[in-house]
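Work through the exercises below with the sequence and the model open. Try each task before you read its solution.

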Amino acid sequence: MEWTDGKMRCQWANPKNERYIRYHDEEWGVPVHNDHKLFEMLVLEAFQAGLTWECVLNKRENFRKAFDDFDLEKVCGYGEEKIEELLNNPDIIRNQLKIRAAVTNARIFCQIQQEYQSFSDYLWHFTDGKVIYETGQTRSELSDMVSKDLKKRGMKFVGTTIIYAYLQAVGVIYSHDERCFLAAGQPVRQ
């Protein structure tokens with residue numbers, strides 16, 4: 001793949017989409033411990049189901065506006081009127097099941113925060129706070145375990161493949177391709 005800056009990147013990154021390049025270079029695989037960011041990424045990964053990440057990423061700012069900047073308390077309080085508003089918003093992915101799942105998942109996210117002090121503590125306890133380095137997979141024992149627990153708690157759109165992508169996105173799993181300029185780099189904590 002030809003990159004104008006001469007850097008090699010993961011094969012999935014689109015060299016023609018500046019937003020995608022920035023996401024790859026600055027966000028993907030960086031360990032996240034901020035619950036607000038973890039919630040946003042959980043919602044966005046669920047919306048990706050059956051679509052490309054690029055499609056969701058291109059609508060990210062629209063999602064932020066539509067979902068009140070992913071304010072957890074506000075999303076937990078969404079009722080039928082707000083859900084209807086989201087279903088009629090042409091700037092986001094208007095899938096009723098995914099929109100309803102975002103609200104359900106927000107409420108469960110809050111329950112997990114109460115149980116573990118933070119969603120970050122919950123998520124990172126699965127690896128004892130360590131980053132897992134692996135490439136070339138779409139699921140793992142870790143994603144199976146996290147997915148199973150979230151489903152047991154009542155979350156939707158949290159199958160093992162979605163959760164694997166989520167764990168990669170928030171840096172629990174570090175998966176930059178061997179030839180990527182970020183493969184050998186140490187992730188920075190957010």
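How many of the 190 residues of the protein, in percent, count as buried? The share is 49%. Buried means under 20% relative accessible area, exposed means over 50%, and partly exposed is in between, with a 1.4 Å probe and protein chains only.

Two notes on the model come before the exercises. The model is predicted, so local features need pLDDT of at least 70 and side-chain atom pairs count only at pLDDT 80 or more, while totals for chains, interfaces and linings use all residues. Residues are numbered from 1 along each chain as its sequence is written, and side-chain values use heavy atoms, with hydrogens and water left out.

**Exercise 1. Describe the fold and the overall dimensions.**

Step 1. Count the elements. The protein has 10 helices and two strands. These are DSSP runs, numbered from the N terminus: helices are H or I with at least four residues, strands are E with at least two.

Step 2. Read the order along the sequence. The pattern is α-α-α-α-α-α-α-α-β-α-α-β.

Step 3. Take the spans. Along its principal axes the C-alpha trace covers about 50 × 40 × 25 Å.

Step 4. Test the globule rule. The radius of gyration is taken over C-alpha atoms, and the rule is 2.2 Å times the number of residues to the power 0.38. A compact globule of 190 residues would have a value near 16 Å; the protein has 16 Å, which agrees.

**Exercise 2. Characterise the largest pocket.**

Step 1. Fix the term. On a 1 Å grid over the protein atoms alone, a pocket is an open set of points where a 1.4 Å probe fits, with protein on both sides within 12 Å along at least five of seven lines; lining residues have an atom within 4 Å of a point. A volume is the space filled by probe spheres set on the points, which are joined across faces, edges and corners.

Step 2. State the volume. The largest pocket holds about 460 Å³ of space. It is lined by 19 residues, and those closest to its centre are W12, W28, Q48, A165 and Q168.

Step 3. Assign the lining to elements. α1 (18–26), α2 (35–48) and α10 (160–169) each supply at least two residues. α10 gives the most, with five.

Step 4. Sort by class. The lining has nine nonpolar, eight polar and two charged residues. Here Ala, Val, Leu, Ile, Met, Phe, Trp, Tyr, Cys and Pro count as nonpolar, Asp, Glu, Lys and Arg as charged, and the others, Gly among them, as polar.

**Exercise 3. Do the same for the second largest pocket.**

Step 1. Its volume is about 170 Å³.

Step 2. List the lining: R19, R22, Y23, E26, E27, L57, R60, E61 and R64.

Step 3. Assign it. α1 and α4 (60–66) each supply at least two of these residues. The largest share, four residues, comes from α1.

Step 4. Sort it. The lining divides into two nonpolar, no polar and seven charged residues.

**Exercise 4. Find the ring contacts.**

Step 1. Count the aromatic pairs. The structure holds 16. Rings of Phe, Tyr and Trp (its six-membered ring) pair if their centres lie within 6.5 Å.

Step 2. Trace the cluster. F39, F47, F63, F67, F70, Y78, F109, Y116, F119, Y122 and F126 form one aromatic cluster.

Step 3. Look for charges over rings. NZ of Lys or CZ of Arg must be within 6 Å of the ring centre and within 35 degrees of the ring normal. K7 lies over the face of F181, at 4.6 Å from the ring centre. R9 lies over the face of W3, at 4.7 Å.

**Exercise 5. Explain what is unusual about D68 and Q117.**

Step 1. Recall the background. Most residues other than glycine have a negative phi.

Step 2. Place D68. D68 is in the loop between α4 and α5 (72–76). Its phi is positive, about 50°, although it is not a glycine. D68 counts as partly exposed because its relative accessibility is 28%.

Step 3. Place Q117. Q117 is in the loop between α7 (96–116) and α8 (119–125). Its phi is positive too, about 80°, and it is not a glycine. At 65% relative accessibility, Q117 counts as exposed.

**Exercise 6. Relate sequence separation to distance for R179.**

Step 1. Locate R179. It sits in the segment after β2 (173–174) and is exposed, with a relative accessible area of 64%.

Step 2. Compare with Q11. R179 and Q11 are 168 residues apart in sequence and 9.2 Å apart in space, C-alpha to C-alpha.

How values were computed
Phe/Tyr/Trp six-rings, centres within 6.5 Å; stacked < 30°, edge-to-face > 60°.
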